[in-house]
Amino acid sequence: MTRLQAIENEALTLEPDERAALAETLLASLDTPEKIEAAWAEEIERRSADFKSGAVRGIPAEIVLAEARALLK
């Protein structure tokens with residue numbers, strides 16, 4: 001049995017919430033701060049381009065805040 005198989009077998013004995021927490025930790029360990037920053041930079045560029053091209057429209061802050069306040073009442 002390989003080390004990986006042993007770890008997998010042990011992990012499968014955990015409760016579902018414990019397995020979920022372990023999975024989140026393992027997945028987070030794959031993303032370096034540089035990768036996360038690069039992904040956000042790409043997303044910012046995409047959203048900016050969509051706004052500039054007119055593909056999406058902005059909503060004035062006053063409207064957003066009024067709607068948020070209405071939802072909180």
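## Helices and exposure in a predicted chain

Helix 4 has little cover: among its 12 residues, the count of buried residues is 0, where buried means under 20% relative accessible area, exposed over 50% and partly exposed in between, with a 1.4 Å probe and protein chains only. This is a predicted model, in which local features need pLDDT of at least 70, side-chain atom pairs count only at pLDDT 80 or more, and totals for chains, interfaces and linings use all residues. Residues are numbered from 1 along each chain as its sequence is written, and side-chain values use heavy atoms, with hydrogens and water left out.

The protein chain holds 4 helices and 0 strands, in the order α-α-α-α from the N terminus. Helices (H or I, at least four residues) and strands (E, at least two) are DSSP runs, numbered from the N terminus.

Two of the helices can be set against the expected span, which is 1.5 Å times one less than the number of residues.

| Helix | Residues | End-to-end C-alpha distance | Expected span |
|---|---|---|---|
| Helix 3 | 21 residues | 30 Å | 30 Å |
| Helix 4 | 12 residues | 16 Å | 16 Å |

Helix 3, residues 33-53, is also hardly covered, with a buried count of 0 among its 21 residues. Gly54, just after helix 3, has a positive phi of about 90 degrees.

For the protein chain, the radius of gyration is 21 Å, whereas a compact globule of 73 residues would have one near 11 Å; the radius is taken over C-alpha atoms, and the globule rule is 2.2 Å times the number of residues to the power 0.38. Along the principal axes, the C-alpha atoms fill a box of roughly 60 × 35 × 20 Å. Of the 73 residues, 1% count as buried. The protein chain exposes about 6,900 Å², of which carbon and sulfur atoms supply 62%; areas come from the Shrake-Rupley method with a 1.4 Å probe.

Confidence is given as pLDDT, the predictor's confidence in each residue, from 0 to 100. The protein chain averages 94, and 100% of the residues score at least 70. Among the elements, helix 2 (residues 16-30) has the lowest mean pLDDT, 92, and helix 4 (residues 61-72) the highest, 96.
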